[in-house]
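Colleague: I'm new to reading protein models, and I'd like a close look at a single part of this one. Could you pick a helix and walk me through its surroundings?

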Amino acid sequence: MSETFDLEMMQRALVLARAAAAAGEAPIGAVVANEATGEVVAEAHNRPIGLHDPTGHAEILALRAAAEKLSNYRLPGLTLYVTLEPCAMCAGAISHARVSRLVFGAADEKGGAVANGVQFFDQPTCHSRPLVSSGVLENEASALLKEFFRARR
């Protein structure tokens with residue numbers, strides 16, 4: 001696990017989050033990458049509004065694109081970078097995809113399900129648990145979210 005690679009991928013996820021904000025979506029970006037090869041396998045930003053799809057979260061869209069690209073619904077050996085702590089739906093998808101590692105920026109005390117809430121990966125019924133790292137570029141991710149929602153109030 002390279003701290004430099006983690007920072008680079010999270011910066012990329014933040015660029016995607018800004019694109020989501022510009023489109024009127026909650027500013028969340030996600031990148032699926034293979035650290036061993038340095039390859040970005042897939043990336044996405046939040047699009048539930050634009051897609052008219054409640055499952056259009058950045059994580060879900062990035063996982064779908066990675067699975068499609070690799071022709072495999074399982075993604076072992078890959079890392080998912082996301083700017084905000086995943087919700088329960090996304091945590092479930094991460095587990096089912098067998099992602100090896102999850103790196104997220106800002107914690108989500110209200111809707112998060114990894115470090116907060118149901119703590120999905122700690123449940124005995126969870127089939128696959130990624131290695132989790134949190135707080136990577138947390139201040140930047142948190143500021144982007146706060147600015148976005150402050151402007152809408």
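Modeller: Happy to! Keep in mind that this is a predicted model. Let's take helix α1, which covers residues 3-22.

Start with its length. α1 has 20 residues and spans 29 Å from its first C-alpha to its last, close to the 28 Å expected at 1.5 Å a residue. Right after α1 comes Gly24, with a positive phi near 85°.

Now, which residues of α1 are buried? They are Phe5, Asp6, Met9, Met10, Ala13, Leu14, Leu16, Ala17, Ala20 and Ala21. Look at how they are spread out along the helix. An α-helix has 3.6 residues a turn, so residues three or four places apart point the same way. Keep that in mind as you read the list, with Phe5, Met9, Ala13, Leu16 and Ala20 among its members.

What covers those buried residues? The cover includes strands β1 (29-34), β2 (39-45), β3 and β4, along with helix α5.

Let's take α5 from that cover. Two packed helices are described by the angle between their axes and the distance between the axes. Here α1 and α5 (residues 138-151) pack at an angle of about 5°, and their axes are 11 Å apart. Angles under 35 degrees count as roughly parallel, so α1 is roughly parallel to α5. On the α1 side, the contact is made by Leu14, Ala17, Arg18 and Ala21. On the α5 side, Glu140, Ala141, Leu144 and Phe148 do the job. Sorted by class, this contact has six nonpolar, no polar and two charged residues. And here's a nice link back: Leu14, Ala17 and Ala21 are also among the buried residues of α1.

Next, turn to the strand side, with Ala30 as our guide. Ala30 sits in strand β1, and its relative accessibility is 0%, so Ala30 counts as buried. Leaving out neighbours within four places in sequence, Ala30 is in contact with Ala13 and Leu16, and both of these are on the list of buried residues in α1. Its other contacts are Ala42, Glu43, Ala44, Ala58, Glu59, Ala62, Leu80, Tyr81 and Val82. Where do some of these belong? Strand β2 (39-45) helps to cover α1, and Ala42, Glu43 and Ala44 are partners of Ala30. You can also check a distance from this spot: the C-alpha atoms of Ala30 and Leu84 are 8.9 Å apart, although 54 residues separate them along the chain.

β3 (79-84), another part of the cover on α1, has a loop before it that is worth a peek. That loop runs between α3 (58-70) and β3, and Ser71 is in it. Ser71 has a positive phi of about 50° although it is not a glycine. Is Ser71 buried or exposed? With a relative accessible area of 69%, Ser71 is exposed.

β4 (101-106) covers α1 too, and the loop between β4 and β5 (131-134) holds Gln119. Gln119 also isn't a glycine, yet its phi is positive, at about 45°. Its relative accessible area is 30%, so Gln119 is partly exposed. Ser128 is found in the loop between β4 and β5 as well, but at 15% relative accessibility Ser128 counts as buried. Not counting residues up to four places away in sequence, Ser128 touches Ser95, Arg98 and Phe121.

How values were computed. Residues are numbered from 1 along each chain as its sequence is written. This is a predicted model: local features need pLDDT of at least 70, side-chain atom pairs count only at pLDDT 80 or more; totals for chains, interfaces and linings use all residues. Side-chain values use heavy atoms; hydrogens and water are left out. Helices (H or I, at least four residues) and strands (E, at least two) are DSSP runs, numbered from the N terminus. Buried means under 20% relative accessible area, exposed over 50%, partly exposed in between (1.4 Å probe, protein chains only). Axes are lines fitted to C-alpha atoms, for helices over the stretch in contact, and angles run from 0 to 180 degrees between N-to-C directions. Angles under 35 degrees count as roughly parallel, over 145 as roughly antiparallel, 65 to 115 as roughly perpendicular and the rest as oblique. Contact means heavy atoms within 4.5 Å. Ala, Val, Leu, Ile, Met, Phe, Trp, Tyr, Cys and Pro count as nonpolar, Asp, Glu, Lys and Arg as charged, and the others, Gly among them, as polar. The expected span of a helix is 1.5 Å times one less than its number of residues.
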